[in-house]
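Good morning, and thank you for making time for this presentation. Please take a moment to look at the sequence and the structure before I begin.

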Amino acid sequence: MNTCSCVYLDNAATTPVDPRVAERMIECLVPTGAHGNPSSAGHEFGRRARALVEKARAQVAATIGARPENIVWTSGATESDNLAILGAARFHADRGRHVVSAKTEHKAVLDALKQLEREGFEVTYLKPDAHGIVHPQQVKEAVRTDTQLVSLMHVNNETGVIQDVGAVGQFCRERGVLFHVDAAQSAGKLPLDVEALCIDLMSVTAHKAYGPKGVGALYVRRKPPVGLRPILHGGGQESGIRSGTLATHQIVGMGAAFEVAAAERDADVSRLRVLRDRLWQGIAAVGDVELNGHPEQRVTNLLNVSFHGVEGESLQFALRELAVSAGSACSSASEEASYVLRALGRSDQLAQSSLRFSLGRFTTNEDIDVAIAAVQREVQRLRQLGQGL
Amino acid sequence: MTAVTSPGPEYSDIVVDHFERPRNVGRFEPAADVIEGSAGRREQGAVFTLSAILSARVADSFIKSVRFKAYGCPHCIAAGSWLSERLVGCTQDELQRWSWREVAAATDIPPEKRGRLLILEDAVRALSEAWRLSV
């Protein structure tokens, strides 16, 4: 039962757990289920949990074209990004202390890179074009003899823009530079093949793909092995790369969610493209709006729109019947408007007046009708209030 | 990106009421008994225009009616709407002495937003000056 009167259009922030996934998770929590510690190989409860963890590992691996042994469980994409960036850079510090990334990366990447800078590394932050694209040529020009790592996100969390990670991966492989991809927004939405894309490290998370929050994974290439220095120390789980008791129910949820996402991806994408295009037509009808991000090279479930002539905080508040995310800094602890939109060259004012609508598996036709009506009504109302000023 | 939150303590009931149902929105056509004052820029986050019809063009006249237009956050819009009711009946002297503190207290606007109310006060000052020049 939906206890909120809001229409949920914030699936890029997080998705609800698919009921089919939740059912599998519950089986791991109750006394009659696989509640044992997967590391307790000495009894049946532990062995049952271990079997489920390994099944989930295979499910996640299959979704991204990897082998099960390439998957390291983490607490989510933030930890995966930190482990990949800090772990690889520190391990290979003798090979060079230069890293290449982009200004529009997620904070989990940017803040990990800042930590590297504090440790004496140098980072080149590439500026995307006005559509949010980081061109592979920019990476080629930025890589130096002492570059040991390139980190680039697959799909941007604010604009939905898809980067050409395959071209960057191929270049990095040829140059012997490690390549990390933050795929938090693309796993389950786009076909992913780490081998074909020449990816060495890839961060994924469950809760953007109808799995639970609090679990993710890092793909780690094994042949030849990518050296990683752990950032967590303890029981030596996950081949010593990531210590900590494995959360069976979370991991099972992630495996199930990725399996469902892979099986239903084509149908989901087709349905969401129709809904998103209809939402865009309805929003564009109010006039004086800008689509943020590349018009074609983007995922099908996301729209980021700036509204001219409307103040950001008023827009958010007027549309509070819609659960969306905003580029405005007014209601957040941050003092700057969306740094991603600013990096695309949007003015502070337009970045403030932006909203991200992200659709998902449970978004209905009726939700889109409500969203279009609300946007048209409130944007026109607010514009009339300030007309002529 | 920040999640858009439901109405919380940052918006008082009176702010929500005036934001959703702003009173006296608009602008009077220029006329001998109409005065107007504006302040702010969009880059500053708030713009206000106040226009008023005076009771008579004599020194002790009062404001008969007010219209406002506003670009800004919900607090700004609510403050402009609240003021459009408050200024009815004001004399020139009362208008000259009006302070943003009155609307801040009446609508429970948080301290971090009070800077924008200074822009509204500037619009009132401009209205007052227009009145002075019209006499």
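I shall discuss salt bridges first and then turn to a sheet in chain B.

Please bear in mind that this is a predicted model. Over all chains, the count of salt bridges comes to 37. As a general background, side chains of opposite charge can pair when their charged atoms come close.

Let me start within a single helix. A:R47 forms a salt bridge with A:E44, and their closest N and O atoms are 3.8 Å apart. Both residues belong to helix 2 of chain A, residues 44–63, where three residues, about one turn of the helix, separate them. How accessible are these two partners? A:R47 is partly exposed, at a relative accessible area of 43%, and A:E44 is likewise partly exposed, at 45%.

The next pair is A:D277 and A:R276, whose side chains meet in a salt bridge at 3.3 Å, N to O. Is A:R276 buried or exposed? A:R276 is buried, because its relative accessible area is 7% and the cut-off for burial is under 20%. A:D277, in contrast, is partly exposed, with 29%.

A third pair is A:E321 with A:R377, where the closest N and O atoms lie 2.7 Å apart. A:E321 sits in the loop between helix 8 (312–318) and strand 11 (322–323) of chain A, while A:R377 is in helix 11 (residues 365–386) of chain A, so this salt bridge ties together parts that are 56 residues apart in sequence. A:E321 is partly exposed, at 30% relative accessible area, and A:R377 also counts as partly exposed, at 42%.

Salt bridges also link residues of chains A and B. A network of them connects A:R320, B:D17, B:E20, B:R21, B:R23 and B:E85.

I now turn to the sheet. In chain B, three strands form an open sheet in the order 2-3-4, with antiparallel pairing. Which strands are at its edges? They are strand 2 (34–41) and strand 4 (63–71) of chain B, each of which pairs on one side only. From one strand to the next, the twist averages 10°.

Strand 2 of chain B is joined to strand 3 of chain B, residues 46–54, by eight bridges, and the two run antiparallel. Within strand 3 of chain B, B:A46 stands opposite B:R41. Helix 2 of chain B, residues 74–86, packs on this sheet and touches strand 3 and strand 4 of chain B. The direction of that helix makes about 170° with that of strand 4 of chain B.

Thank you for your attention.

Note on methods. Residues are numbered from 1 along each chain as its sequence is written. Chains are lettered from A and ligands numbered from 1 in the order in which they are written. This is a predicted model: local features need pLDDT of at least 70, side-chain atom pairs count only at pLDDT 80 or more; totals for chains, interfaces and linings use all residues. Side-chain values use heavy atoms; hydrogens and water are left out. A salt bridge is a side-chain nitrogen of Lys or Arg within 4 Å of a carboxyl oxygen of Asp or Glu. Helices (H or I, at least four residues) and strands (E, at least two) are DSSP runs, numbered from the N terminus. Buried means under 20% relative accessible area, exposed over 50%, partly exposed in between (1.4 Å probe, protein chains only). Two strands pair if DSSP finds at least two bridges between them. Axes are lines fitted to C-alpha atoms, for helices over the stretch in contact, and angles run from 0 to 180 degrees between N-to-C directions. Contact means heavy atoms within 4.5 Å.
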